[in-house]
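Student: I should like to learn how to read the features of a model of this kind. May we take them one at a time?

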2 protein chains.
Amino acid sequence: MLNYSTSEENYIKAIFHLQKQDGTVTTNELANELKTKPASVTDMMKKLKAKKLLNYQPYKGFRLNNDGTRVALGIIRRHRLWEYFLAEKLKFSWDEVHEVAEDLEHVSNKKLIDKLDEFLGFPRTDPHGDPIPDANGKIEISRKICITELPLHTVAIVSSVSDQSSEILELLEHKKITIGTKLEVKKKFDFDKSMEIRIGRHPVFTISDRLAQNIFVQSN
Amino acid sequence: MLNYSTSEENYIKAIFHLQKQDGTVTTNELANELKTKPASVTDMMKKLKAKKLLNYQPYKGFRLNNDGTRVALGIIRRHRLWEYFLAEKLKFSWDEVHEVAEDLEHVSNKKLIDKLDEFLGFPRTDPHGDPIPDANGKIEISRKICITELPLHTVAIVSSVSDQSSEILELLEHKKITIGTKLEVKKKFDFDKSMEIRIGRHPVFTISDRLAQNIFVQSN
DNA sequence: AAATGGGTTTAGATAAATCTAAATTAAATA
DNA sequence: TATTTAATTTAGATTTATCTAAACCCATTT
């Protein structure tokens, strides 16, 4: 099991998150995601290609291969276990864990992570509702759909939120939407794609399309 | 509170440990400690002097000033809290925690460390018996003496071991010497400075001077 | 098919941390 | 005090990760 630099790991993780399903990732997308410059991305892609972690032909975009995916899942496992630890044991609030885990995830001692996993009782999801890969890199494919796709008047349980900036988390807290919240979409407006939702017996209220796109529910 | 690179932190910590009491640290000592080259040490000393963390005149050795000491105590606090966490919560064995903590200590998020401290119940010493600085950088001055200084036939309690290589810890484990062990020096030999010690009602056995110099007991 | 323009890559520079080899200083010795 | 030697510093090179600016590719549009 080779070790990768913090910078390499950040690139690998970002590619994993961006490549979703079948597509490839472009230089600009990645530069934007990592708040770096396209030239830096190209340099790193050459390096990761040389390390055989991704498929990359100049001008054609890139995609993690099997080895790269395995590495990415290891990083995500560390990140999500630390998030769980921070929320569950250290009582960090939901919107603070991501940032701290960004640093902790780069400490890559397998025994540490496996023992942490055991200490935490082998949690299946992190505080945002995202599945945690196991020690072998296996991850539950979460059958989740965005509430923008949810039929009207159907109660569903919030299982995760995708954007993990503290801004969105602050907003969700204000609206009292969290993992496990039961909600129902009452109305959608074509004009701005905003929607009215209801939580339990509380009055109906409005959320923007931008926010709705980041809220997911379990679809089993 | 400024941030320092992993490399800077390793230098600061090493100086702190080497400078003991009143003396200064030399370039070679530090290079040896950090397994680096004297030229690299000189470069870093210029940098740390520019950051006003130490007193340094070319060819005269160096010593942390107040700010440098404060930074060092922060690093040591993080290191020892993680060691405690690893031993107490993750059930790492005594001789494994140091190495893992070497990585974790560089994650320098004050809130993380203060919450970890609280979660652990504000431990006073790490698994090696060394005191943990509090959130303000206060550290108990441990009144400990080396067993080489201990008068004969005086029972004392092992409170810490200084060298934290896995080699010494393996040897201590074999000899059944650990923090809290009650022992008594029965005989010292001038020739090789080896000594015979007794633990509880077990038969007397010999330890080398090299080992003895790393075993400390509380002297209150 | 030629031109345009956005996305991408290359070229060359910079900063951090390290190294080797050479020069320098200070302390010990003759 | 002059000399030797060991420790230390300087000079210059290397690696990693980044940047800016210039060059390049290619798909879409005239």
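Student: Which parts of DNA strand C lie within 4 Å of the protein, sugar or phosphate on the one hand, or bases on the other?

Tutor: One sorts the DNA atoms by the part of the nucleotide to which they belong. In this predicted model, 74% of the atoms of DNA strand C within 4 Å of the protein belong to sugar or phosphate, and the rest belong to bases. For DNA strand D, the share of such atoms in sugar or phosphate is 75%, with the rest in bases.

Student: Which residues come nearest to DNA strand C?

Tutor: One lists the residues around the strand and then picks out the nearest. There are 20 residues around DNA strand C, and those that come nearest are Tyr56(A), Ser5(B), Thr36(B), Ser40(B) and Lys47(B). By class, this surface divides into eight nonpolar, eight polar and four charged residues.

Student: Which side chains have a polar atom 2.9 Å from a phosphate oxygen of DNA strand C?

Tutor: Here one looks for pairs of N or O atoms. In chain A, an N or O atom in the side chain of Thr27(A) is 2.9 Å from a phosphate oxygen of DNA strand C, and the side chain of Lys46(A) likewise places an N or O atom 2.9 Å from a phosphate oxygen of this strand. From chain B, Ser7(B) has a polar side-chain atom 2.9 Å from a phosphate oxygen of DNA strand C. The elements giving two or more residues to this surface are helix 2 (27–33) and helix 3 (38–50) of chain A, along with helix 1 (6–19) and helix 3 (38–50) of chain B.

Student: Which residues are closest to DNA strand D?

Tutor: Of the 20 residues that surround DNA strand D, the closest are Ser5(A), Thr36(A), Ser40(A), Lys47(A) and Tyr56(B). The surface near DNA strand D holds eight nonpolar, eight polar and four charged residues.

Student: What do the side chains of Ser40(A), Asp43(A) and Tyr56(B) approach on DNA strand D?

Tutor: One separates phosphate partners from base partners. Ser40(A) has a polar side-chain atom 2.4 Å from a phosphate oxygen of DNA strand D, and an N or O atom in the side chain of Tyr56(B) is 2.6 Å from a phosphate oxygen of the strand. For Asp43(A), the partner is a base nitrogen of DNA strand D, 3.5 Å from an N or O atom of the side chain. Helix 1 (6–19) and helix 3 of chain A, together with helix 2 (27–33) and helix 3 of chain B, give two or more residues to the surface near DNA strand D.

Student: In what order do the six strands of the open sheet in chain B lie?

Tutor: One follows the pairing from one edge to the other. The order is 3-8-4-5-6-7, with antiparallel pairing. Strand 3 (144–146) and strand 7 (205–207) of chain B are the edge strands, each pairing on one side only. From one strand to the next, the twist averages 50°. Strand 6 (residues 195–199) of chain B pairs with strand 7 over three antiparallel bridges, and Met195(B) stands opposite Ile207(B) of strand 7.

Student: Is Thr181(A) buried or exposed?

Tutor: One compares the relative accessibility with the cut-off for burial, which is under 20%. Thr181(A) counts as buried because its relative accessibility is 8%. This residue lies in the loop between helix 7 (166–174) and strand 5 (182–188) of chain A, and its side chain reaches the backbone oxygen of Thr178(A) at 2.8 Å.

Definitions and conventions
Residues are numbered from 1 along each chain as its sequence is written. Chains are lettered from A and ligands numbered from 1 in the order in which they are written. This is a predicted model: local features need pLDDT of at least 70, side-chain atom pairs count only at pLDDT 80 or more; totals for chains, interfaces and linings use all residues. Side-chain values use heavy atoms; hydrogens and water are left out. Two strands pair if DSSP finds at least two bridges between them. Helices (H or I, at least four residues) and strands (E, at least two) are DSSP runs, numbered from the N terminus. Axes are lines fitted to C-alpha atoms, for helices over the stretch in contact, and angles run from 0 to 180 degrees between N-to-C directions. A residue is near a molecule or strand if one of its heavy atoms lies within 4 Å of it. A polar contact is a pair of N or O atoms within 3.5 Å; within protein, one must be able to donate a hydrogen and the other to accept it, and residues adjacent in sequence count only if both atoms are side-chain atoms. Ala, Val, Leu, Ile, Met, Phe, Trp, Tyr, Cys and Pro count as nonpolar, Asp, Glu, Lys and Arg as charged, and the others, Gly among them, as polar. Buried means under 20% relative accessible area, exposed over 50%, partly exposed in between (1.4 Å probe, protein chains only).
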